[in-house]
Every structure is written in structure tokens, then in C-alpha cells.
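Welcome to this tour. Please open your viewer, keep the selection panel at hand, and follow along stop by stop.

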Amino acid sequence: MRPARALIDLNALRANYRLAREVSGARALAVVKADAYGHGAVRCAQALHDEVDGFAVACIEEAMELRAAAIAAPILLLEGFFETDELGLIDQLDLWCVVHSLWQIEAIERAALQRPLTVWLKMDSGMHRVGLHPADYPAAYRRLQATGKVGKIVLMSHFARADELDSPRSNEQLAAFEQARQGLSAEVSLRNSPAILGWPELFPQQQSSDWVRPGIMLYGATPFEQPQALAARLQPVMTLESKIISVRELPAGEPVGYGARFISERPTRVGVVAMGYADGYPRHAPTGTPVLIDGQASRLIGRVSMDMLTVDLSDLPQAGLGSRVELWGKHVLASDVAAQAGTIPYQIFCNLRRVPLIYPHG
Ligand SMILES: *Cc1c(COP(=O)(O)O)cnc(C)c1O
């Protein structure tokens, strides 16, 4: 069997979830959209199920997968419904629903529902993607209440720049939110991972009725570009690994791989690893991107191809055929690989495919 695989450490997932709760002092919806950022939504949800306050997903298809796996905890649809006729299933599956637009409120007014709908009413406090304008927010809240079909309404917004620790933007968004929600006493949900980890001073701990929405931090990757104290406590959940399937000894001056992107400057031992961009390893990772070979640091060389990539074994005389290679995991951080490739850990996790997901701790 091809040795490429992703090991998923569910104990680390649980530890990261607890950290989100601990540092926020709030309840936490574990964000498991996009197949739990590539980590396997059902298995991750099952691992958190006994302690979780709820889950969040991007669409009803993702929620249905969890309900079909007997996940009974609350599940929030982060963009609500895309078409009015989803409301029947939302009702039947007892899902929580973001409302971000007037047309969704109108649809709820017209809907025949069996039970009170839990709505997370989203305000656009400055990201300018989705959400009701602050000036329209109180009226939308009251209109939802007046439908008689809604139970709890949670006040919600989303930060655009919480990962930029020197930006005043999160403060400004919070101020806009607080200003517009005056007079509405309800539970509040504002924080994604960077806001949980990076902005604790904006959210004094007494707000235990609040909700946070950790995503990337659950999977143990930092949302920040620079080192950060709380992010340093995260435990990487995924280890993407494979093995060396071929070894070449090259003299100086020889090219390696497509496009001769690497030319040996000295006699070089090249290891070929069964891992490529068809597995989700970023094609744009350049020569020098860190890898770990049998526990020792080395580097990618040459261009990543579809099913294989090449690494430098010159300083690792013990390494060879069958050596284990960590592409990212506990030692080589996914955030570092992503930065080398000009992207973010979110994307390299979501891009994962073809490799089997293995859950060693059940
Ligand atoms: C994806 C998402 C999150 C999680 O964001 P992270 O940065 O991964 O923590 C939180 N809230 C909303 C609305 C989202 O869409």
C-alpha cells in the first residue's frame, strides 16, 4: 500500500477544544465545516461529542452528515439556508440557523415550522461580507421575534482582521457591534480562533453566556503569522506522513525534478517521497520547505509533482529507502509549510485528499 497517510490525534483535538473554552471563559461551538478542515468531520465530532457545547458547519449538507452519524448536539449553519426550502429540513433535524439577510427573515415569516427555531442573527460590524447593517439590526431582531416562530436569538458578528495583532480593526468592529446591539439583551457570539487567542483583553471573562466559534485552533494550527503565547499551547492534530520510496546519488551540477528547479551544488543524496500535490501537499512549496526524516530536520528540494516530491538526504546518512517523512505535524508545523508556500494552514488542511485519515487513539 502507498505509505502516504494523515494521522489524526483526537486527544490533541480535545485538548485544543478545552483550551478554547478555558481562555475564552465562554461556551464553544466546534467549527467542523469543510470536513473538519480536512480532519474528518464525523470522527472529530464523535471525539468531542461528550463535552462539546455544539458544532458549526457551512451548509445543511454538512449538518446532515453529522446527524446521519447520530451526532445529537446542537449544530449551527454558519450561513443559514441558501434556499427557502431548506427550512423544512432545518426544522426536522433541529438545526440552529444563522440569519444574515432580510430575505431569510421573510422566508421564516412564511415558513410552517414544528418547533421554535434557534437563530443566530448576524450583524455586519465591518467585514462587509454577510450580515445585517448595524442600523437595520434592532429592527431585524424585533421582526424575527414577531414571527412567533423563533425561540432563542443569539447576537452574532465576525472579525475580519483578528489575526493581525497590531490592527485596531477588531476594536472598531466590537465598538460598532456594541453600539448597534444596545437594548438587545441576549447571548453573544463574536470570536473565531484568532479573536479567542489574540484578543482576550477585549472580552472580560465574566461573559460566560457568550459563545465562541473556534475553527483552526481546534486542529492545532496558529492563525497568526508571528509567534503568539496562547497559540504556542496548541497541539497539532494532523500528522501528514509518508515514506522514501527511492534514493539517488547525484554529483554536483545535476537537476532534480520538473523544470530543473533544483540543481545540486555539491554531491547530493536525493530521497523521493510518496506525496504530491494530488494529496494536497502545496505545489508552491519551494526548495527549503522543512520536512522531518526519521526524526531529523531536512528540506524539500525541487518542484513538488503530482504523486512524489524530493527531499535532501545529503546530511542524513542513516536515512534511506523506507525512512519515515513527516510533511507536517507535531514537529514540522503546518503553518510553517503553508507560509513557505504562500498560503495559510486553513487551505493546506482543506486541500488534503487521496491520503487515508487514520485515527490512532480512536
Ligand atoms: C469558519 C468560521 C469560523 C472559524 O474560524 P477560525 O478562524 O477557523 O477559528 C468562525 N465563525 C464563522 C462565521 C466562520 O465562518
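A salt bridge here is a side-chain nitrogen of Lys or Arg within 4 Å of a carboxyl oxygen of Asp or Glu. By that rule the count comes to 20 salt bridges. This is a predicted model, in which local features need pLDDT of at least 70 and side-chain atom pairs count only at pLDDT 80 or more, while totals for chains, interfaces and linings use all residues. Residues are numbered from 1 along each chain as its sequence is written, and side-chain values use heavy atoms, with hydrogens and water left out.

**Stop one: a salt bridge**

Select Arg 2 and Asp 279, whose side chains meet in a salt bridge at 2.9 Å, N to O. Arg 2 sits in the segment before β1 (5-8) and Asp 279 in the loop between β13 (268-273) and β14 (290-293), so the pair ties together parts that are 277 residues apart in sequence. Helices (H or I, at least four residues) and strands (E, at least two) are DSSP runs, numbered from the N terminus.

**Stop two: the two domains**

Now colour residues 10-223 as domain 1 and residues 238-358 as domain 2; these bounds come from an automatic or database domain assignment. Their centres, taken over C-alpha atoms, are 37 Å apart.

**Stop three: where the domains touch**

Which residues should you look for here? Twelve residues of domain 1 are in contact with nine residues of domain 2, contact meaning heavy atoms within 4.5 Å. About 830 Å² is buried between the domains, and carbon and sulfur atoms give 72% of that area. Buried area is the accessible area (1.4 Å probe) that two parts lose on being put together, summed over both. On the side of domain 1 that touches domain 2, helix α2 (residues 33-38) gives the most, with three residues. The rule finds zero salt bridges across the interface of domain 1 and domain 2.

**Stop four: the ligand**

Finally, select the ligand and the 15 residues that surround it, each with a heavy atom within 4 Å of it. The closest are Lys 33, Tyr 37, Ser 193, Ile 216 and Tyr 346. An N or O atom in the side chain of Tyr 37 is 2.6 Å from an oxygen atom of the ligand. Next, show Arg 213, where a polar side-chain atom lies 2.9 Å from a nitrogen atom of the ligand. End at Gly 215, with a polar backbone atom 2.8 Å from an oxygen atom of the ligand.

Key:
A polar contact is a pair of N or O atoms within 3.5 Å; within protein, one must be able to donate a hydrogen and the other to accept it, and residues adjacent in sequence count only if both atoms are side-chain atoms.
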